[in-house]
Amino acid sequence: MNWHGIKSIYKFEMARTRRTLFQSIVSPVMSTSLYFVVFGAAIGSRITEIDGVSYGSFIVPGLLMLSILTESISNASFGIYFPRFSGTIYELLSAPVSVVEIVIGYVGAAATKSIVLGGIILATANLFVDVEIMHPGWMLLFLILTAITFSLFGFILGVWADNWEKLAIVPTLIITPLTFLGGSFYSISMLPPVWQTITLFNPVVYLISGFRWSFYGNADVSLGLSLVMTGGFLFLCIGVVWWIFKTGYRLRI
Amino acid sequence: MSGAANIISVSGLGKTYDDGFEALSNVNLDINAGEIFALLGPNGAGKTTLINIICGIVNSTVGRVTVAGFDTVSEFRQTRSLIGLVPQELTTETFESVWDTIAFSRGLFGKAPNPGHLEKTLKSLSLWDKKDSVIMSLSGGMKRRVLIAKALAHEPQILFLDEPTAGVDVELRQDMWDIVRGLSDSGVTVILTTHYIEEAEQMADRIGVINHGEIILVQDKKSLMRELGKKQLILELDEPLDAVPTALASYDLEIRAGGNEIIYNYDTQAENTGITTLLSDLREARIYFRDVKTTQSSLEEIFVGLVKRIK
């Protein structure tokens with residue numbers, strides 16, 4: 001195992017966060033805080049409790065997921081796309097690092113940033129609404145699993161994209177709508193039956209449901225199903241990354 | 001190892017891209033440890049593809065490459081850790097400092113941090129005072145040096161320089177040559193691709209010529225120059241001649257410059273160059289000259305001749 005190689009990639013990616021602190025940390029914390037002010041304090045105070053939880057508190061897990069998904073994808077996709085765009089990828093491809101080491105470096109750094117960001121957003125949420133975590137172990141597990149899974153997804157996106165537009169299109173046109181429609185701001189039980197069924201095809205529902213359960217003990221779908229779906233998506237991403245390196249897709253011609 | 005002196009061995013190597021373009025065809029090449037090997041060829045000849053396959057950036061379609069006896073595919077960790085690559089394009093990071101980028105390169109190649117080595121490398125490339133500078137603030141020449149520093153950060157035994165002096169000014173080119181000679185003196189095997197023949201002529205121990213994806217010649221530079229290099233004796237005449245006199249017809253002579261010059265082509269390797277008898281025969285034919293000079297064909301002329309011959 002090339003530990004120095006992994007450490008170098010990891011440090012390099014983390015250094016980018018330090019250089020772009022405003023964009024990496026302050027900006028997502030700011031936008032999430034605005035959600036809490038608008039939906040939690042202002043509008044939320046006029047909305048009745050959902051499953052015994054005040055609306056402001058109810059949206060905390062969903063908003064956390066929204067940030068973690070978006071940031072994991074954005075960090076990991078940029079991390080691998082930029083060397084491809086600038087041409088510095090030659091060094092990575094000519095270095096004695098394996099697929100596993102490259103992925104640990106890039107995905108590990110992206111997931112770390114998301115997890116740290118999640119912690120900061122959680123602390124920020126506490127300033128606006130009451131947050132209770134009934135199952136902290138499960139909460140942490142979902143947080144880490146989601147961060148890793150979507151960082152892997154971001155890595156795949158960064159390899160697939162061959163221009164900046166493609167890099168932006170997936171988070172904007174697919175991930176954000178899926179997260180908004182996946183129960184970030186409501187329980188899917190509040191939807192008409194037809195839409196409840198349709199919503200179950202949205203994989204983000206399972207992430208948010210499991211995550212919300214770890215906070216308040218209420219879930220739209222069973223905990224087991226949430227775990228299976230999250231784990232399933234994780235293994236799907238691992239499979240795609242393995243295929244990318246095996247075939248050299250868009251990396252090694 | 002495939003041979004005691006070989007550090008790189010390429011056998012039966014071929015590369016056909018997805019669009020059907022055959023970049024390399026049955027390339028066989030051995031690089032000796034410690035030598036400076038220049039790979040010459042026109043644009044699109046396959047030089048970069050060959051380097052990229054050896055370094056692991058491009059997959060070959062057929063054939064095998066070994067570095068220090070290790071297979072570049074199945075034993076890539078061993079082979080890649082021995083190689084440093086300076087790419088043709090100025091592909092540096094943008095926002096990182098010089099120090100951070102070379103520390104990154106060293107780590108990426110599996111080496112433990114060694115600030116002493118990095119300092120030595122930066123000093124040898126006149127980059128020490130730029131170590132904290134952000135790369136994008138550097139000039140093109142400085143960026144080229146940064147690329148060399150990155151390639152040397154992990155103390156490679158083999159250094160690939162892909163068109164190292166493309167687009168650099170004369171002063172920097174001279175510096176580059178000095179750096180390469182210094183590396184060679186320290187035991188590093190250097191493989192450089194270039195289409196500046198002058199570069200190969202100045203620096204290389206051996207020369208390989210590649211064209212249309214095929215190696216058409218690999219030879220010691222000196223013997224190549226000797227074998228293929230023509231030498232000419234140029235005699236500037238007192239009075240112009242219309243044609244070569246019949247008495248001198250047995251010599252390989254040309255009349256040039258409106259009859260004011262006689263050119264004699266001769267073989268430097270021949271037992272008898274014929275110069276003495278030619279001069280004596282000229283005197284007998286009452287042809288007098290006021291100046292004499294000799295020229296030798298450059299590697300560039302040899303190269304053009306070779307490529308034409310293959311066509």
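**Exercise 1.** In this predicted model, determine whether B:Ala68 is buried, partly exposed or exposed, and describe its backbone and its place in the chain.

*Solution.* Begin with the relative accessible area, which for B:Ala68 is 22%. Because buried means under 20% and exposed over 50%, B:Ala68 is classed as partly exposed. Next, locate the residue: B:Ala68 lies in the loop that runs between strand S4 (62-67) and strand S5 (70-71) of chain B. Finally, turn to the backbone, where phi of B:Ala68 is near 50°, a positive value in a residue other than glycine. Most residues other than glycine have a negative phi.

**Exercise 2.** Carry out the analysis for B:Glu163: where is it placed, and is it buried or exposed?

*Solution.* The loop between strand S7 (158-162) and helix H6 (170-185) of chain B holds B:Glu163. Its phi is about 50°, again positive although the residue is not a glycine. With a relative accessible area of 3%, B:Glu163 is buried.

**Exercise 3.** Characterise the interface between chain A and chain B, starting from its extent and ending with the composition of the side contributed by chain A.

*Solution.* First, 23 residues of chain A are in contact with 31 residues of chain B, and the two chains bury about 2500 Å² between them, 60% of it on carbon and sulfur atoms. Second, three salt bridges are counted between the chains, including one between B:Lys150 and A:Glu91, whose closest N and O atoms are 2.9 Å apart. Third, on the side of chain A that touches chain B, helix H1 (3-19), helix H3 (55-86) and helix H4 (89-93) each supply at least two residues, with the largest share, six residues, coming from H1(A). Lastly, that side of chain A divides into ten nonpolar, nine polar and four charged residues.

Terms used
Residues are numbered from 1 along each chain as its sequence is written. Chains are lettered from A and ligands numbered from 1 in the order in which they are written. This is a predicted model: local features need pLDDT of at least 70, side-chain atom pairs count only at pLDDT 80 or more; totals for chains, interfaces and linings use all residues. Side-chain values use heavy atoms; hydrogens and water are left out. Contact means heavy atoms within 4.5 Å. Buried area is the accessible area (1.4 Å probe) that two parts lose on being put together, summed over both. A salt bridge is a side-chain nitrogen of Lys or Arg within 4 Å of a carboxyl oxygen of Asp or Glu. Helices (H or I, at least four residues) and strands (E, at least two) are DSSP runs, numbered from the N terminus. Ala, Val, Leu, Ile, Met, Phe, Trp, Tyr, Cys and Pro count as nonpolar, Asp, Glu, Lys and Arg as charged, and the others, Gly among them, as polar. Buried means under 20% relative accessible area, exposed over 50%, partly exposed in between (1.4 Å probe, protein chains only).
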